[in-house]
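Student: Could you take me through one part of this model up close? I'd like to see how the pieces there fit together.

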Amino acid sequence: FICLGFCSSGRSLYLTAITDALHLSRGAFSVSTSIRFVTTAIINLFFGALVQKFGTKKLICAGLICLIGFAIINSVATTLFAFYVGGVLLGLGLSWTGTTMISSVMHKWCRKNVGTYTGAVLAGNGIGGAVAVQLLSPIIFKDGDPFGYRISYQLVSLILLVFLILMIIFFKDKPKVD
């Protein structure tokens with residue numbers, strides 16, 4: 001809901017706002033999305049080894065820190081290079097908080113109906129995206145403010161920070177499963 005919904009699903013909202021405000025080429029800016037997917041692909045090659053070495057809680061928290069970094073960088077970025085660094089952090093963050101991690105966690109936590117529960121949790125991506133678009137669109141496209149996207153990214157970073165704190169407090173890496 002939070003990570004995929006607020007960091008991935010609504011990414012297209014930012015394209016016009018950022019490229020118009022900073023007078024950047026849309027094609028050059030869109031490379032940040034390609035960087036995100038390449039980073040995710042590379043990290044996912046090592047996903048199993050990383051989970052075994054660090055555990056799911058540490059990786060999820062590291063992923064949330066990367067997503068916070070992505071949102072903060074994109075809120076202040078003025079160059080393509082900065083957005084590309086944000087793309088790397090987004091790829092790392094979504095690798096450790098997205099669908100692969102959700103599947104890993106669900107297999108640890110559930111003994112029966114794993115597919116059903118995983119599907120229900122992954123439905124949160126769509127719901128989170130729908131909520132994010134409704135919440136962030138008015139901020140990004142605020143009348144007369146070409147830099148509304150910056151405030152939107154700052155809000156996303158704050159939401160992620162709250163979620164990170166909740167994860168640190170409440171998430172159990174190895175839950176008691178009957």
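Tutor: Sure, and one term before we dig in: a residue is called buried when its relative accessible area is under 20%. Keep in mind that this is a predicted model. Now take Gly-98, which sits in the loop between helix H6 (80–97) and helix H7 (99–109). Its relative accessible area is 0%, so Gly-98 is buried. Asn-125 is 27 residues away from Gly-98 in sequence, yet their C-alpha atoms are 9.0 Å apart in space.

From that loop, let's move on to the nonpolar core. The largest one has 50 residues, and those with the most contacts inside it include Cys-7, Tyr-14, Ile-18 and Val-156. Helix H5 (residues 56–76) supplies the largest share of this core, with 9 residues. Val-156 is a handy one to click on: leaving out residues up to four places away in sequence, Val-156 touches Phe-6, Cys-7, Tyr-14, Ala-71 and Leu-136.

Ile-18 leads us to a helix pair, being one of the H2 residues in the contact with H3. The axes of H2 (residues 11–22) and H3 (residues 26–45) come within 10 Å and cross at roughly 140°. That angle is why H2 counts as oblique to H3. The crossing of H2 past H3 is right-handed. On the H2 side, the contact also has Arg-11, Leu-15, Thr-16, Thr-19 and Asp-20, while H3 brings Arg-26, Phe-29, Ser-30, Ser-32 and Thr-33. Sorted by class, that makes 3 nonpolar, 5 polar and 3 charged residues.

Conventions
Residues are numbered from 1 along each chain as its sequence is written. This is a predicted model: local features need pLDDT of at least 70, side-chain atom pairs count only at pLDDT 80 or more; totals for chains, interfaces and linings use all residues. Side-chain values use heavy atoms; hydrogens and water are left out. A nonpolar core is a set of buried Ala, Val, Leu, Ile, Met, Phe, Trp, Tyr and Cys residues joined through side-chain atoms within 4.5 Å. Buried means under 20% relative accessible area, exposed over 50%, partly exposed in between (1.4 Å probe, protein chains only). Helices (H or I, at least four residues) and strands (E, at least two) are DSSP runs, numbered from the N terminus. Contact means heavy atoms within 4.5 Å. Axes are lines fitted to C-alpha atoms, for helices over the stretch in contact, and angles run from 0 to 180 degrees between N-to-C directions. Angles under 35 degrees count as roughly parallel, over 145 as roughly antiparallel, 65 to 115 as roughly perpendicular and the rest as oblique. A crossing is left-handed if the near helix is turned anticlockwise from the far one by less than a right angle, and right-handed if clockwise. Ala, Val, Leu, Ile, Met, Phe, Trp, Tyr, Cys and Pro count as nonpolar, Asp, Glu, Lys and Arg as charged, and the others, Gly among them, as polar.
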